[in-house]
Amino acid sequence: MTEIVDILISASFWAAVLRIASPLIFATMGELICERAGVLNLGIEGIMVIGAFAGWMTVYAGLGLWTGVAVAMLAGMAFGALHGVLTVPFGLSQHVVGLGITLLATASAYYAYRLALPEVTNPPRIEPFQPLHIPGLSDLPWLGEALFSQTALTWAAFACVAVVSLVLYRTPLGLALRAAGENPHAVEAQGLSVGAIRMGAVIVGSGLMAVGGAFLTMSAFSSFFFEMVNGRGWICIALVVFGAWKPGKALLGALLFAGFDALQVRLQQTGMGQVVPYQVFLMIPYLLSILALILMSRRAHVPAALMTPFNRGER
Amino acid sequence: MTAQDTAQGETVLRLSGITKRFGALTANDAISFSLAKGEVVALLGENGAGKTTLMNILFGHYTADEGSVEVFGQALPPGQPGAALAAGVGMVHQHFTLADNMTVLENVLLGTGSLWSPGLGKPAARRRLQALAEDFGLVVDPDARVAELSVGERQRVEILKALYRDARILILDEPTAVLTPQEADALFLTLRKMVAQGLSVIFISHKLHEVMAISSRVLVLRHGKLVGEVATRDTDRHQLATLMVGAEITAPAPAEARPGAVLMRLDRVSTQPRGNRPGLDAVDLDIKAGQILGLAGVSGNGQGALADLISGLDAPASGTLEIAGHPVSGWNPRSALHSGIGRIPEDRHRTGTVADFTLTENAVLESYRDAPNARAGWMDWSAARSKTEAIIAKYDVRCPGPEARIRLLSGGNMQKLILGRVLEAAPRIILANQPVRGLDIGAVTYVQEQLIAARDAGAAVLLISEDLDEILTLSDVIRVISDGRLSPEFARGEKTPAELGQWMAGQGFDHAA
């Protein structure tokens, strides 16, 4: 037990929590936007892969880091547009399309990587985002290392939650988006286009997912390698449910998951790690997430029109 | 402007030659009419006559194949509800178009300004909404969540949505279908206030007395065609009914009932609530042989809970259920069927039939495990088919044959098959939940006559309906359900519709819900 306490009071643990949470926060916000508009986007896993690759490749090719983020976002939006066209005007099964997008985006990223770097065995590195030094705050003892040693992208992730929250609950656009996921007929009867709102939500949401992926190659690590997204997209789907489709609660979920993840890595290195196989530690975040999901979201209000295609003029 | 238009006042709306086809079906066939300022036009017709389709074209949900719509002299671009709203057309849909997870105010605000404006401007909107609500007698809390509102309140929100956007022409699609008589009266009062302020109203209905009460002119649709246009003061219910159906109709007039033994008894039965729908609340109920017991009430007040209980889908949480004097235990659908309960479900598409099954498969859904349909665990399809053919012949089910998929049948023919399935099993107790909803008048009369015949043959019939007229026509005794509680039993003719309406609104019960 003292080992856990030691971990919890170390500043590096809290810094790791924020770092691990960042890509999850971006992608969870992206998924939340899609689902609030009524579209389940299972392309998230693949869109994160394409974002991780596109951002990294841009910087590797010699362009700036922020250009890389923008390119990642555009790549995600392109796959989002494909997902949107298939699920919104065509009204195809969101499950099938989403899994298809994941396979397509993942394979495209790997293929492009091999085309660009056919003979490389060790993944080449780029110069990633560096921790942002905030005068005063970053110099605080303990707190400075724990909370104020993050890159600009992490701060952007937290800002993203605030923006999504404000837009959803304080603007006409957010009202229309939430209505599209609850009762698209209400949107249509008030003279708005359900199709346009849903398309927009899927495209923007996919852009955010891709930025989440780009965080991995451009802030957390400095190279692109296969399997690096490693199911984070699926975790984000669960985080949206955990957060009851609310940005603030979803952020909390992302932090909680990141906390368990940071904890299990550190537990592996303690005395317990000598006795217990490391796979058991790897399970901890998932087991606790399932538990939290059961406790938190059994009474959550699911957007009523989630996964229901809307076709105008049909009877 | 023609002489006729001037006589009626300024023309605000003109539909010219509207035609709409869905595949082989012509839902609207070259329909033209115009609407004057400050008038209420009733659009009368049976289910499937094309009333809602026509209004959906006017409002821009559908695009007409031919014809045009003019509002205040300007052609309305087709297929754009936004354009209709901007031109001053508002529509109160039969199935409300409200987002349940939002407040009243948010629903009203949806789509009113630019999507890109930075804020919602709620305080000003709230003041405006409250002023409108007061002007037109549409009381509703702007900050209540729609999910918590009653059906009547939701309808008021729908009307306020249109008024908030300065609608000059209001379309109401079957607005009274879900209201108590008192709520309907309040709605009529609101409509009269609107007309006094120069609004024009199109009122869709198939209820003749409402049409007579509220409209100044009646348009009658039948099979997609405009078959009659009459001033309300120059017509009567009988003429309208004949126009609507295209033939003389006679409502069934049941003879005096001769009630027998109590076949089913509920003794202080309560059931679990389902979501936001109430369960039964300490209900006592006797259902007697040879009698039709009509259960009146506003939709969602526990009718579903009672129907589920009787059909075996739910069991009492407390209290006892007795069949022919014996308390039941282990109550489930199969034991309900074996206790002699025949079930005509509320929704023939969802629970009454399996759409992609054949007529034969649907006809044996409740008896496929029993002889003669099954022997030693094997289906006997020839026996099932001959049973189905017998039902088709006896109940006049118009269909391609017993092997056709049931989804191809009209609602009336589907209901006749269900009726045959139920009545051929010779049930002692018949649960008829909304047995004629959505049927043509011809099919309505047929189904009602069959229920009366079953009663005369000694069956106990529990008729659940949201249509008070139907309850009053058929029932030997009436009870009212409100919030899961049952009123005392009223004999035929004991209470006026207005008095029953008060019970439907929850007045007169001994204990609070």
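Colleague: What makes the second largest space, of about 40 Å³, a cavity?

Modeller: On a 1 Å grid over the protein atoms alone, a cavity is a set of points where a 1.4 Å probe fits but cannot get out. The second largest cavity has a volume of about 40 Å³, a volume being the space filled by probe spheres set on the points. This is a predicted model: local features need pLDDT of at least 70, side-chain atom pairs count only at pLDDT 80 or more, and linings use all residues. Residues are numbered from 1 along each chain, and chains are lettered from A.

Colleague: Which residues line the second largest cavity?

Modeller: Ala177(B), Val178(B), Leu179(B), Gly297(B), Val298(B), Ser299(B), Glu466(B) and Met504(B). Lining residues have an atom within 4 Å of a point.

Colleague: How many residues of each class are in that lining?

Modeller: The lining of the second largest cavity has 5 nonpolar, 2 polar and 1 charged residues. Glu counts as charged and Gly as polar.

Colleague: How many cavities of 30 Å³ or more does the whole structure hold?

Modeller: The search finds 2. The largest has a volume of about 60 Å³. Its lining includes Ala189(A), Gln190(A), Phe59(B) and Lys161(B). α6(B) gives the most, with 3 residues.

Colleague: Why is Trp14(A) called partly exposed?

Modeller: Buried means under 20% relative accessible area, exposed over 50%, partly exposed in between (1.4 Å probe, protein chains only). Trp14(A) has 33%, so Trp14(A) is partly exposed. Trp14(A) sits in helix α2 (residues 11-36) of chain A.

Note on methods
Heavy atoms only, no water. Helix = DSSP H or I, 4+ residues; strand = E, 2+ residues; numbered from the N terminus. 1 Å grid on protein atoms, 1.4 Å probe; cavity = no way out; pocket = protein on both sides within 12 Å on 5 of 7 lines; lining within 4 Å.
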